[in-house]
Amino acid sequence: MFTEADRKHMGRALELAGRGLYTTTPNPRVGCVLVRDAEVVGEGWHERAGEAHAEVMALEAAGSRASGATAYVTLEPCAHHGRTPPCSDALIRAGVRTVVAALRDPNPLVAGKGLDALRASGIETRCGLLEDEARTLNIGFVSRMTRGRPWLRMKIAASLDGRTALANGRSQWITGPEARRDGHHWRARACAVLTGIGTVKDDDPQLTVREIDTPRQPLRVVVDSRLETPTSARVLGPGTLIAAACEDRARIAGLQARGAEVIVLPNASGKVDLAALVADLARRGMNEVHIEAGHKLNGSLLQENLVDELLLYLAPNILGDTARGMFHLPELTDLSGRRELELRDVRPVGGDIRVLARLKAA
């Protein structure tokens, strides 16, 4: 169904889509390549919400040469009016002959309507070329559109025996500088970085992207049931969200004075309702949430089946049984209760090992 030339051009479209890795939130990352008579006549990618989509950028680059061309696009062209007009209409007006899409758009406003509109206008359409790669690139957008929640990726730096901090809470630095820099790439692509009050107290983190250049900073989210975040904490400022479980007007006012937003989401146990927090982040347009928390919050998120993926950095050192582990979880009495993982990628990063693994359905 697809030729090597098709795969080459879609691969290029995916490469272009990756240029919007840090900027397209809440929109998906999309690239487009226009080819006529075996020659690339136009390329484009979507950079940020409210600006031109990938197809429009490629059409502008091609000009009149778009007529009769094949469009390779990493996501089904949109067919609705949002901040910009439908891309399907633009392709039809330009006289494109064929549209090859990697992935059907999971957005209910599109969901096949873009391809239907193209076919109704006599344009040949094909879908599914490098679909897995396109889905992985937009895993958060797909999650939010199909499940109503962001994709939650939990980053953990640990010793080879699975310890993340000493018993006194000290954890800087278990892994090397290359691993920390790599972690900032993952932090930069996320829409939000989430941590807990324990990490704020122990490390006083900024939760900003610093190791690499990025045009925007993700939302910083702190789970703080009792509103214990010090007003001197470095994480505070515009772009910070504190999720609490109690109404303490004086403490809330103090945090708001530092520029933070505070929401109160209690559960029956008097702690933050984590599922409600995840749903709130989805309503805010968050596609990917990057978790950098301690073993207690890690365990709670895992127990509530809110974690989709683990990003583990394992250092070649040993801290021993008294050091803190990755997850605070109830004791298992039978191995049938263990959580299964699917390894997606294992590679060295500097002197450490990076493991990317997805949680299998509980």
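Of the chain's 362 residues, 52% come out as buried. The model is a predicted one. The accessible surface adds up to about 16800 Å², with carbon and sulfur atoms supplying 49% of it. Contacts in the chain lean on distant parts of the sequence: for pairs at least 6 residues apart, 69% link residues at least 24 apart.

On the secondary-structure side, the chain holds 11 helices and 16 strands. Its radius of gyration is 23 Å, close to the 21 Å from the globule rule for 362 residues, so the chain is as compact as a globular protein of that length. Measuring tape aside, the C-alpha trace spans about 65 × 45 × 40 Å along its principal axes.

Now for the sheet. Nine strands make up an open sheet with mixed pairing, in the order β11-β10-β9-β8-β12-β6-β13-β16-β15. The edges are taken by β11 (261-264) and β15 (341-349); each has a single partner strand, so one side of each has no neighbour in the sheet. From one strand to the next, the twist averages 20 degrees.

At the β15 edge, the pairing with β16 (residues 352-359) is antiparallel and runs over eight bridges. Leu 341, for one, has Leu 359 of β16 as its bridge partner.

Two helices can be placed against these strands. Helix α10 (residues 274-283) lies across β6 (151-159), β8 (192-196), β9 (219-223), β10 (240-244), β11 and β12 (288-291), and it runs at about 165 degrees to β9. Helix α11 (residues 295-303) also packs on the sheet, where it touches β6, β8, β9, β12 and β16. The direction of α11 makes about 115 degrees with that of β8.

Note on methods:
Residues are numbered from 1 along each chain as its sequence is written. This is a predicted model: local features need pLDDT of at least 70, side-chain atom pairs count only at pLDDT 80 or more; totals for chains, interfaces and linings use all residues. Side-chain values use heavy atoms; hydrogens and water are left out. Two strands pair if DSSP finds at least two bridges between them. Helices (H or I, at least four residues) and strands (E, at least two) are DSSP runs, numbered from the N terminus. Axes are lines fitted to C-alpha atoms, for helices over the stretch in contact, and angles run from 0 to 180 degrees between N-to-C directions. Contact means heavy atoms within 4.5 Å. The radius of gyration is taken over C-alpha atoms; the globule rule is 2.2 Å times the number of residues to the power 0.38. Buried means under 20% relative accessible area, exposed over 50%, partly exposed in between (1.4 Å probe, protein chains only). Accessible areas come from the Shrake-Rupley method with a 1.4 Å probe; for residues, only the protein chains shown count as cover.
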